[in-house]
Structures are given as C-alpha cells and as structure tokens.
Amino acid sequence: MKNIVVLGSTGSIGTQTLDVCRMHGFGIKALSAGRNTGLLEKQAREFQPEYVCIFSEDAYSDMKQRLSDTNIKVLCGMEGLCSLAGLKCDIVVNSVVGMVGLVPTLEAAKAGNDIALANKETLVAGGRLVTDCVKSNNVRLLPIDSEHSAIFQCLMGAGSNRPEKILLTASGGPFYGWTRDELSDVTVEQALRHPNWSMGAKITIDSATLMNKGLELIEAVRLFDVKPEQVEIVVHRQSIIHSAVEFADGAVIAQLGTADMRIPIQLALTYPERLTSPAKRLSLSDVGELTFGRADEDTFICLAAAKKAIAMEGNAPCIVNSANEAAVALFLQRKIGFNDIGEAVCGALGSVKFIPEPTLQDILDTRTAAEEYVAQRFGG
Ligand code: MG
C-alpha cells in the first residue's frame, strides 16, 4: 500500500497518475492543482487525501468552500505546495508545469522523499542544485518523461556498465519537414495537434518547436550524468521506440511500447516492480515499419539554443527554459507568432546575464530576468 503526494494532479500526467493509483488501490496523501478547483474537489472526494493545495491564491476561498464539509485541509500558493512536498510519504509525484516545481522538488528531497519527476523544467533550470540535493539526501529521482523512463529501463540490469551514448528519440512533432517560412503562419490550433501523444498545452507547443527535445536532452544529461555530446537526438516518427542506450561494445538496448504515459508513470511508482497495466499492447507486425531521421536545428532553433545552453551550463539552461515558458504563454494567448518563440529563446540566451555557478536565488532571479526580456521584446 503506497502513500503518494501528487503535485499537479489535474493536468495530463496528474490525472493519469490517479488512474494508476485507482487501478492498484494506492493511497493518496495529498493533491495539488494550479487553479482547477472543480476537478481538484472531485479528486479529493474520491481519493480522500489529508491535504489539498490550490496554487492560485485567488481560488483559495472557493476551494475551501468546496471541501468545507470534509476533514481535508486546504492549503494554497507556493508555501502550500512546499508543505505538501515535505509531507512524510512514499513518493512525491511532481507533475506541475514549468519551473514553479523547482522549490517543491528541493523540499521533497530535503524531507527524504523519493520523487517521480514529470516536471522536466525543474531539472533543466535547477541543474546541480537539484541533482546534488537528491544525492545528499539519499533519495531517488525516478523519471516519468517517456524517453527518460525508457533510458532508465534500458539501464536496469546494466550493473556498473555506463552508457557510451544515449539515443533520445523525437517524434519530430506536427511540423516535421516544414521550413521556417512555412512555420511563420502556424496557428495555436495547428501547434496543439500532436501526431502521437495526448499531452498538456505547454508541452505540446514545446513538442512542435522541438524545445521539448532540447529540454529533454538537458534532462538526460542531468539524470544520467553524461556529457551533452553523448546524447544523440533521433527523429522517430512512430513514437514506438521511446529511447535507447549504446554500450562500449556497440550493443544498443532500446525500450519500446505504445504511446501510453501510464506505463512510465506506473513504473516510477512501483520501481523496481512491474505491475499489470491496461496500456494497449504493442504489435510490431501491425506497426510494420519504424523510420529514423535527423532533427533540423536550422529550422527548429529552440533545439539549437537548448544545446548551446547545456554546453554553457551555469544558469544558461534556466535562461532558455524561462524565456521559453514566457514565450509559449504569449503564443497560447495569440500575442506572438510561432517563430517568435525561438527568437525569444535565442535572444534571451544572448541577453540575460550568464552566471557560471548559480545559487538558488540566482536561478530564481534568472527566471525573472528572462521573463522580463521576453515581455520587453514583445512590448508587454
Ligand atoms: Mg518526453
């Protein structure tokens, strides 16, 4: 019987995490949402956690009202999120969107909680602050991101053998093969149409710009302690191979499956055990053909910027991540064009002050500076 804290329970990963918990009867200690009070109430009534947290302070009184006939304690804001992360539990699932998940992740580790991480922005922006904190508190950081779960699974049983190379697969997104000119008129609706995965809005836009793959490259460097040049991005349109590793002898081990996030979510919760899952089984003979290609970094400049940022290290990954978060929000509000996202990310990397060994405060200040850069650039 597990006792789980889910941060970001109303999003795509959060709801699928609760599907897994429902299926196996895992206990829920606490749930948090950004502002979706209706769904959080429904989840709280079903799973009966001790605590819920609503991040948006505007929604706090509504949330309290909704659960006033229960014994569930209602918290709010960053303080509430950090309290939840620090509760005594078996594992904290961090599936919030954006680097707002950074401080709660550190709090979870400091409290000695294992972390199942879907919130890649935290690892990208926080860098060594996160990996060192995880190490020094002797907790586990288990990846939920499908590619990183795949790499993790390829390394299960590898013993002391280190991967020589990581083959990070990318679907290529909805605009694979498009030119920069063709991309200039892309609408929000077009960008939200991902060919293989059903995900939240922010990550779907990141998949369309290939920023997601750039963030994942940085995430892989952090999680598996490899150099950026050891990670090769391979465009694989079918999203069947979720990633692979290559060892010193040239052997390549890959993890395959249907595109169902409940597989990596469940493994993060039950590792090292594998339980049954309702995920659709893979039939390779039905799939027929798997294809592979290269990513076009001249067109998808976000990917090139992310690569440059991880080569620089310091606060550079935080700069590109924060500029991207701000630019994607503006794109979703239809205030800027699709190509402006890449311009914002590259521009911020050249403009925001570089700090080689950032502290947590430096990282939080870098985020503000990158947001200000984007706001200014687009006249906000
Ligand atoms: Mg992924």
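Is aspartate 206 buried or exposed, and what is its relative accessible area? In this predicted model, aspartate 206 is buried, with a relative accessible area of 1%. Its side chain is not without a partner: aspartate 206 and lysine 202 meet in a salt bridge, with N and O 2.7 Å apart. Both residues belong to helix H11, which spans residues 201–209, and because they sit four residues apart there, about one helical turn separates them. Lysine 202 has a relative accessibility of 12% and therefore also counts as buried, the limit being under 20%.

Glutamate 219 offers a useful contrast in its charge pairing. This residue is found in helix H12, covering residues 211–224. Glutamate 219 is buried but has no salt bridge. The nearest side chain of opposite charge belongs to lysine 120, and it lies 4.7 Å away. That distance fails the salt-bridge criterion, because a nitrogen of Lys or Arg has to be within 4 Å of a carboxyl oxygen. What the side chain of glutamate 219 does make is a polar contact, at 3.3 Å, with the side chain of histidine 148. Leaving aside residues up to four places away in sequence, glutamate 219 touches Lys120, Leu123, Val124, Asp145 and His148. Lysine 120 and histidine 148 thus appear in the list of contacts of this glutamate.

Turning to the whole structure, 23 salt bridges are present. One of them joins glutamate 343 to arginine 180, with 2.9 Å between the closest N and O atoms. Glutamate 343 is in helix H17 (residues 338–351) and arginine 180 in helix H9 (residues 180–183), so this pair ties together parts that lie 163 residues apart in sequence. Neither partner is classed as buried: glutamate 343 is partly exposed, with a relative accessible area of 31%, and arginine 180 is likewise partly exposed, at 25% relative accessibility.

Glutamate 343 also takes part in a salt bridge with arginine 377, where the N to O distance is 3.9 Å. Here arginine 377 comes from helix H18 (residues 360–377) and glutamate 343 from helix H17, so the pair ties together parts 34 residues apart in sequence. Arginine 377 has a relative accessibility of 39% and counts as partly exposed.

Elsewhere, salt bridges also occur as a network. Glu41, Arg45, Asp62, Arg66 and Asp69 are the residues linked in this way.

How values were computed:
Residues numbered from 1 in each chain as written. Predicted model: local features only at pLDDT ≥ 70, side-chain atom pairs only at ≥ 80, totals over all residues. Heavy atoms only, no water. Helix = DSSP H or I, 4+ residues; strand = E, 2+ residues; numbered from the N terminus. Buried < 20%, exposed > 50% of the residue type's maximum accessible area, 1.4 Å probe, protein only. Lys, Arg positive; Asp, Glu negative; His and termini not counted. Polar contact = N/O pair within 3.5 Å; in protein donor to acceptor, adjacent residues only side chain to side chain. Contact = heavy atoms within 4.5 Å.
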